[in-house]
Each structure stands twice: as C-alpha cells, then as structure tokens.
Amino acid sequence: MGKTELFLTIILFNLFFVFFVVAIMIYIRKYQQRKKEYLNEIEINNEIHQKELLATQLEIQQATMHQIGRELHDNIGQKLTLVSLYTQQMLYENKVPEASERIEQVSHIINQSLQDLRSLSKTLTDDNINKKEIVTLIQEEVDNTNSFKKCHIIFEHNFDRMDLSFVHKNVLLRITQEFIQNSIKHSQCKNIYIRLDTSDDFLWELEINDDGIGFDISKTLNNGIGLTNMKNRAKIINADFIIESEKNKGTRVKIILKRQP
C-alpha cells in the first residue's frame, strides 16, 4: 500500500469515526428527548387523572350534602313542624297557668331549631349556591356563625356582583366554611377576617385569617383533613393555594385564581 492510499484510508477511517460518533450523539439526544416527552406525558396524564379524581370526590361530596339537606328539610323539618303544631295545640288547650310558661319556652326552642334547620338545609343544597351571588352566600355563612357568638367574623369585598360558575362559587363557599369550622374548633380565635377581591391581574382572591393560637404547618399539612380539603378544592380549578400559620399569631389562607391570558 502506497503512502497516498494509506493517507486516504486514514482519512476515510477518521470520517467514518466522526460520523459514527455524531450518529451516536444524535441517537442519545433523540432518546433523551423522547424520554423527556414520555415523562411529561405521564405527568400530564397523572395531573388530569388527579383532577378528575378530585372532581369526582367533589361531586360525591356535593351529592351527599344535597341528600342530607333534602333529608333535613323533608323529614326532620316536617317532624319538627308537627311537634311545633302539637305544642301550640297544648298551649291552647292548657288550663294550668303554671304550665303555660314552660310550654311557651318549649315552643320557642322548637321554632328556633326549625329555623336553624331550614337555614342549614338551604346551605347544603346546590340550589342555594346556584341562585345566589357569592358575596351573599359568604355573608349568610358569616351572619349564621356570628349569631352563635363563638367568635366575631368580618367579611369585606371590593365588588357587589361577579358572574361565577357553580363550581367556583361552591369552591369559595366550602373553603370559607372549612376555614371557619377549623378555626372555631381548634384555634381558640376571637376574630376571623374574610376578604374577597377581584382585580385586573386575578379573577378573584380569597383571603381568610384568624387571630388564634396557630399551628406547625409541617406537622399538620399532611394529616389535617380540613386543610387537605381546602387545598384539593383549590387544585380542581387551578387556583393557587397558600397557607401560613405561626404559633400564637394565627393562621392565614389565601386562594388566588389568575385571569387567563
């Protein structure tokens, strides 16, 4: 083999080696790209599955609450109404003056219970959410809780009317109810502040905070059913969920739904 042939052989070998290396690099790059696309696809499918699962849980919970609301109104409500009528009849037919005062007290308690039960039944049924504005729904919850005088709740908002779907109103109302119930049960708070605003940057922003004893979020976040429910409800509609709490400084929850570009 002459020098020229040897030189050409070396050049061809080097070219073949370069092409081989480039081909390997292209193959590895495409493999990594396909792997990344595959993992992204799995992640997207998991997110869709989680949202569908959460939505199904919400539908089941709504159906259960609707059924309880109907049962309270149609069954227990009717029985209390009947007891109230019997009590009025007893008061009318009673000929012992000493007993009249007690019968009137019993009648008053029954009528108050009947009123509370009807209010609770309306809160649990979907029709109530469909027919009313979100500020009205939250204000009713605030007024109802304030009537028990366990803590004082203040509700403020920067709008009077907002066109929201049933899902959004349901999420806002249930998160508000969950926070109020948790605060009254566990925080020993004296005040709860609720603020619902809208702006050019976000469709709505709900902020609720109390002045209770607070808690360690790292120890409670994974186990607290109430916190998990609030977080899952926000996740269903792709809203940002933020919670802050510090011992003896209260707890604050902020849920933000940004406007779509």
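A helix here is a DSSP run of H or I with at least four residues. With that in hand, let us walk through this predicted model, starting with the stretch of residues 6-28. That span is 100% helix and 0% strand, and its end C-alpha atoms lie 33 Å apart. An unreviewed UniProt entry annotates residues 6-28 as a "transmembrane region". The same kind of record also places a "coiled-coil region" at residues 28-59, again from an unreviewed entry. Residues 28-59 are likewise 100% helix and 0% strand, with 46 Å between the end C-alpha atoms. Helix H1 itself runs over residues 3-93.

Now let us turn to the sheet. Strands of a sheet pair through backbone hydrogen bonds, either parallel or antiparallel. In this model, five strands form an open sheet in the order S1-S2-S3-S5-S4, with mixed pairing. Its edges are S1 and strand S4 (240-246), each of which pairs on one side only. On average, neighbouring strands of the sheet are turned by 10° against each other, direction ignored.

We can follow the sheet from one edge to the other. Strand S1 (residues 152-157) pairs with strand S2 (residues 191-197) in the parallel sense, over six bridges. One pair to look for is Ile153, whose bridge partner in S2 is Ile192. To get from S1 to S2, the chain passes through H5, and this β-α-β crossover is left-handed.

The next step is from S2 to strand S3 (residues 202-210), where six bridges hold an antiparallel pairing. Here Tyr193 has Asn209 in S3 as its bridge partner. S2 and S3 form a hairpin, with four residues between them.

From S3 the order continues to S5, and seven bridges join these two antiparallel strands. Trp204 stands opposite Leu257 in S5. Finally, S4 is joined to strand S5 (residues 250-258) by seven bridges, also running antiparallel. Asp240 has Ile256 in S5 as its bridge partner.

What about empty space? Rolling a probe the size of a water molecule over the atoms shows where empty space is left. In this model, the largest pocket has a volume of about 620 Å³. Of the 21 residues that line the largest pocket, Leu120, Glu141, Asn144, Gln177 and Gln181 are the closest to its centre.

Which helix gives the most to the lining of the largest pocket? The answer is H5, with seven residues; this is also the helix through which the chain crosses from S1 to S2. At least two lining residues come from each of helix H1 (3-93), helix H2 (97-124), helix H4 (134-147), helix H5 (166-187) and helix H7 (225-236).

How does the lining of the largest pocket divide by class, and how many residues are polar? Eight are polar, seven are charged and six are nonpolar. For a look in your viewer, you might begin with Gln177 and Gln181, which are among the residues closest to the pocket centre.

Technical notes. Residues are numbered from 1 along each chain as its sequence is written. This is a predicted model: local features need pLDDT of at least 70, side-chain atom pairs count only at pLDDT 80 or more; totals for chains, interfaces and linings use all residues. Side-chain values use heavy atoms; hydrogens and water are left out. On a 1 Å grid over the protein atoms alone, a cavity is a set of points where a 1.4 Å probe fits but cannot get out, and a pocket is an open set with protein on both sides within 12 Å along at least five of seven lines; lining residues have an atom within 4 Å of a point. Grid points are joined across faces, edges and corners, and a volume is the space filled by probe spheres set on the points. Ala, Val, Leu, Ile, Met, Phe, Trp, Tyr, Cys and Pro count as nonpolar, Asp, Glu, Lys and Arg as charged, and the others, Gly among them, as polar. UniProt positions are given in the numbering used here, feature names are shortened, and annotations may be inferred rather than shown by experiment. Two strands pair if DSSP finds at least two bridges between them. A crossover is right-handed if, with the strands pointing away from the viewer, the path from the first strand over the helix to the second runs clockwise. Axes are lines fitted to C-alpha atoms, for helices over the stretch in contact, and angles run from 0 to 180 degrees between N-to-C directions.
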